[in-house]
Amino acid sequence: MIKLLQPQSPYWLGYLPAVIWRHKALVWTLVERNLKTRYKGSILGFFWSFANPLLLLGIYVLVFSYYLRLGNEVGNYPAFLISGLFPWICISLSVQSGTNSIVEGAGYITQTVFKSEILPIVTILSDVTNFVLTVPILLLFLSLLKVYPSAALLALPLILAVHFLLISGAVLVLATYNVFFRDIAYLVTHVLSLVFFALPIIYPQGVIPAGLRFTVKWNPIARLIISYQDIFYFRRSPDWTSLGWVALLAVVLILLGNCVFQRHKDVFAEYL
Amino acid sequence: MDAIIAEHVSKRFRKYSTRQRVALKEAILHPGRLRRAAADPALQLTALHDISFRIPKGVTVGIIGPNGSGKTTLLKLISGIYRADSGRLQVFGKLSSLLGLGVGFHPELTGRENIFVNGMILGLTRRELQSVYPSIVEFSGLHEFIDAPVRTYSSGMHVRLAFSIAVSLSPDIMLLDEVLAVGDADFQKKCRQRMEEFQRAGKTILLVTHDLASAESWCERLLLLHRGRMAADGNPSEVVRYYLERFVNQPDVPAE
């Protein structure tokens, strides 16, 4: 516990931000490289980063709105769906790539003297930045569906910040254990596909039976998704108290994740 | 003045089979048990055992020995990639290792972009890179290809680019692992010239090699490792002769 309070200890809350700040040029260079190379060699390039949510959108609209008539619960089902789907795809991708970041960055860790904390942070930042770049396209589609941008969008940077912190905390733990047990990455992929159905993305919160509302209430990812839906679809500011709780949880998770990471990072080079 | 001091350094690795047997559940529920298993000597492989030496500043030292004798492990300990299990290692001065040759290279990026990515991973700032960039390109001899994606490079060109970045770092201590055999004859000549410049500039060089002739001609001193132990340390020609007599010409001792 004392360790948490000593500024020079790597277990201290300020350690991770300090490392990132000291290596900010490197972090940015790597994020830039990831974004530049992500779609290189593909003809449609950046298009693919929103092609996937749009294809899913088409299928979900057909199944849930047309076949199952779930759309009647929401005014503008395609717009509602897309408002939650874009952020979810970003979250899901960054959890997966973050979990693999240390294993995939084996070269950096086994061949150079490298602050390994940088790797998960870089992958998450790359995915979040990629998401930010797709936001104009999301807004364009929403406008085509007659949901126009509003002042509520000003809350976007704040939601993104909470999003980044929450995912970073979780990924620090997952990436660490994935070095020792590569099963974690597979597990994460499957858990994420289940989590998707526990989130009010393809259905509105209103259809959840009262007895099961806790699945959304106590789920920080659901809170994040709802915040995104608030600003994109409902054109209102997010629930600040709710977002505040998620932010607090995220900070606790980062503190915990950083402890797990620091405890094991010295032996990463031997297991990669 | 010493550049590197090693005192009774030992490094052990967990044997591969024991890593596989550890269950995920075990690790989560009983982290203590995992640590105790890791400390069991029967499940460990001693990569380096009680290694001690001092390398004075400005000296070129070679490390030779059969495969698996611990040469690369020693370099990784000195460079800080691995932590020693016991003993003490001190390094005085800025250190650069050619272990990180081409780390972070992306095939789709151009030579120029990769110079910046790799250079920053190796610890240079963007500004430093901008100033050494012309000399990196000059050294690599890849002027006309520098704006082409690295995937279009031949493997020789790839290594030349990586090597050129690494030698531009101007460290006080240089760790080289089997790199004198890089590129064509012309590039090798350049590398040798650069090494001579380093030596003249009073830099410390630590060189791992299997090329006994170049080890003998290049180094002022040789360390011979055998199964993780220091088998000899001293005058290059004597150490090479000892190595050949003791480990290479003996049929019962596995040599490479």
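A residue counts as buried here when its relative accessible area is under 20%, and as exposed when that value is over 50%. Keep that in mind as we walk through this predicted model, starting with chain A, where 53% of the 272 residues count as buried.

## Chain A: helices from end to end

If you trace chain A from its N terminus, the elements read α-α-α-α-α-α-α-α-α-α-α-α. That's 12 helices and 0 strands. How does the radius of gyration of chain A fit that of a compact globule? With 272 residues, such a globule would come out near 19 Å, and chain A has 19 Å, so the two agree. The C-alpha trace spans about 55 × 45 × 35 Å along its principal axes.

Contacts in chain A reach well along the sequence: of those between residues at least 6 apart, 78% join residues at least 24 apart. On the outside, chain A exposes about 12700 Å², and 70% of that comes from carbon and sulfur atoms. As for charge, there are 18 positive and 10 negative side chains in chain A, and the centres of these two sets sit 5 Å apart.

### A helix under cover

Helix H10 of chain A is a good place to zoom in. H10(A) takes up residues 220–234, which makes 15 residues. From the first C-alpha to the last, H10(A) reaches 19 Å, close to the 21 Å expected at 1.5 Å a residue.

Is H10(A) mostly covered or mostly uncovered? Mostly covered: 12 of its 15 residues are buried. Among them are Ile221(A), Leu224(A), Ile225(A), Ile226(A) and Phe232(A), and the list also includes Gln229(A) and Asp230(A). And what covers them? Other helices of chain A are part of the answer, including H4 (77–104), H6 (118–144), H7 (156–180), H9 (214–217) and H11 (240–264).

## Chain B: helices plus strands

Chain B brings in strands, with 10 helices and 9 strands. Buried residues account for 48% of its 256 residues. The accessible surface of chain B is about 12300 Å², with carbon and sulfur atoms holding 50% of it. Looking at contacts between residues at least 6 apart in sequence, 71% in chain B link residues at least 24 apart.

### Helix H7 and strand E6

Helix H7 of chain B covers residues 155–167, so you can follow 13 residues along it; its reach from first C-alpha to last is 18 Å, close to the 18 Å expected at 1.5 Å a residue. The buried residues of H7(B) include Met157(B), Arg160(B), Leu161(B), Phe163(B) and Ile165(B), along with Ala166(B) and Val167(B). Their cover includes strand E5 (95–97), helices H5 (111–121), H6 (126–140) and H8 (185–200), and also E6, each of them in chain B.

Strand E6 (residues 173–177) is home to Met174(B). Why does Met174(B) count as buried? Its relative accessible area is 1%, so it falls under the 20% cut-off. Setting aside neighbours within four places in sequence, Met174(B) is in contact with Ala166(B) and Val167(B), and also with Ser96(B), Leu98(B), Phe198(B), Thr204(B), Ile205(B) and Leu206(B). Two of those partners, Ala166(B) and Val167(B), are listed among the buried residues of H7(B). Leu207(B) is 33 residues away from Met174(B) along the chain, yet their C-alpha atoms are separated by 8.2 Å.

Now back to helix H7 of chain B, which also holds Ser155(B). Ser155(B) is exposed, with a relative accessible area of 61%. Its C-alpha and that of Val132(B), 23 residues away along the chain, are separated by 23 Å.

## Two loop residues with positive phi

Most residues other than glycine have a negative phi. Here are two that go the other way, one in each chain.

| Residue | Phi | Relative accessibility |
|---|---|---|
| Lys146(A) | near 70° | 65% |
| Arg227(B) | near 50° | 56% |

Where do you find Lys146(A)? Look in the loop between H6 and H7 of chain A. Arg227(B) is in a loop too, between strands E8 (221–226) and E9 (229–234) of chain B. Both count as exposed: Lys146(A) has a relative accessible area of 65%, and Arg227(B) has 56%.

Technical notes. Residues numbered from 1 in each chain as written. Chains lettered and ligands numbered in written order. Predicted model: local features only at pLDDT ≥ 70, side-chain atom pairs only at ≥ 80, totals over all residues. Heavy atoms only, no water. Helix = DSSP H or I, 4+ residues; strand = E, 2+ residues; numbered from the N terminus. Rg over C-alpha atoms; globule rule 2.2 N^0.38 Å. Buried < 20%, exposed > 50% of the residue type's maximum accessible area, 1.4 Å probe, protein only. Contact = heavy atoms within 4.5 Å. Areas by Shrake-Rupley, 256 points an atom, 1.4 Å probe, with all protein chains shown as cover. Lys, Arg positive; Asp, Glu negative; His and termini not counted. Charge placed at Lys NZ, Arg CZ, Asp CG, Glu CD.
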